[in-house]
Amino acid sequence: MPLIVMCGYPCSGKTRRSVELQQYFEQNTERKVHNVGDGTLGIEKNAVYADSQNEKNVRGSLRAEAERRINKEDIVILDSLNYIKGYRYELFCLIKHTQTPHCLTHGLWFCFCFHSLDALVLRFETPDSRNRWDSPLFTIQKEDTLPFEAISDAIFKRKAPPPNQSTQSQPLSSTNFLYELDKVTQDVLMAILNSQKTSVPGDLIAVPGATEKISFATFCISLNMAELRKLRRQFISYTKMHPTENIGHIANMFVQYLNKSIH
């Protein structure tokens, strides 16, 4: 059922707000509320968020737990930083696949209690309601009372976003689906590898079978082939669980996934 994504700086009151939301919905609806967050995983913020690899692992664990909890009846609150727009886009794809509404709450205040996380604060990508994955967006000041009714309307009275080619499912019984998935993603990586020999910053890389392109300046300089292969494995694992109905879209889906994975 609905997903409420909390977003904000470290020590900005997200957990307090998520508990307020949980209490409100438990008192005013008959739905079960799952509060998924750093606390439920026993995360020590200074230790985890000061290390990029640990942070990435935590994001994956939180997303998996939220996905496991989402169903047709319950409310899921994801209480974490959720500060990367590509990650919020992944959550949006998740709710599109499960056909459920969502909303985002963003706390605007900041407490300097986690001095070791200054770099994280600088990387913070502020939600923008013009992005469909950040909408509807509720911006909350420190002393504000949560707009409970408006949030309730956002997740109960809005239709779920329609699925698209990258989120609709088909049976994996297609005889050539897995073959095409493996071949197309490998061809994309080879196109990126070959482009590194001749491209210069600012070039757009065309990849086989895709209409969308990859920016050499923002992408290929940022990742080496080992990291690209890791992203390919992650994409293949995700697509096996949520296969597309049209294998002709695999290349564009993979390009979109790669572009969204660069932060």
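1. Helix α4 covers residues 85-98 of this predicted model. At 1.5 Å a residue, its 14 residues should span 20 Å, and the end C-alpha atoms are 20 Å apart, so the expected and modelled lengths agree. Immediately after the helix, Gln99 adopts a positive phi of about 60°.

2. How enclosed is α4? Of its 14 residues, 10 are buried, so the rest of the structure largely encloses this helix. The buried positions are Gly86, Tyr87, Arg88, Tyr89, Leu91, Phe92, Cys93, Leu94, Ile95 and Lys96. Their packing partners include three strands, β1 (3-7), β3 (75-79) and β4 (102-107). The helices α3 (52-69), α9 (225-241) and α10 (250-260) also pack against the buried residues of α4.

3. Strand β3, one of these partners of α4, is itself mostly covered, with 5 of its 5 residues buried. In a regular strand, side chains alternate between the two faces of the sheet. Ile75, Ile77 and Asp79 lie on one side of β3, Val76 and Leu78 lie on the other, and all are buried, so that both faces are covered.

4. Which strands pair with β3? Strand β1 pairs with β3 in the parallel sense over 3 bridges, and Val5 has Leu78 as its bridge partner there. Strand β2 (residues 33-37) also runs parallel to β3, joined to it by 5 bridges. On that side, Val36 stands opposite Leu78.

5. These pairings belong to an open sheet of 5 strands with parallel pairing, in the order β2-β3-β1-β4-β5. Strands β2 and β5 (137-140) stand at the edges; each has a single partner strand, so one side of each lacks a neighbour in the sheet. On average, neighbouring strands of this sheet are turned by 20° against each other, direction ignored.

6. Further along the sheet, β1 and β4 pair in the parallel sense over 5 bridges, with Cys103 of β4 as the bridge partner of Ile4. Helix α3 packs on the sheet, where it touches β2 and β3, and its direction makes about 170° with that of β2.

7. As for the protein as a whole, the secondary structure comprises 10 helices and 7 strands. Of the 263 residues, 46% count as buried. Among contacts between residues at least 6 apart in sequence, 76% join residues at least 24 apart. The accessible surface comes to about 13200 Å², and 51% of it belongs to carbon and sulfur atoms.

Key: Residues numbered from 1 in each chain as written. Predicted model: local features only at pLDDT ≥ 70, side-chain atom pairs only at ≥ 80, totals over all residues. Heavy atoms only, no water. Helix = DSSP H or I, 4+ residues; strand = E, 2+ residues; numbered from the N terminus. Expected span 1.5 Å × (residues − 1). Buried < 20%, exposed > 50% of the residue type's maximum accessible area, 1.4 Å probe, protein only. Contact = heavy atoms within 4.5 Å. Pairing = 2+ DSSP bridges. Areas by Shrake-Rupley, 256 points an atom, 1.4 Å probe, with all protein chains shown as cover. Axes fitted to C-alpha atoms, helices over the stretch in contact; angles between N-to-C directions.
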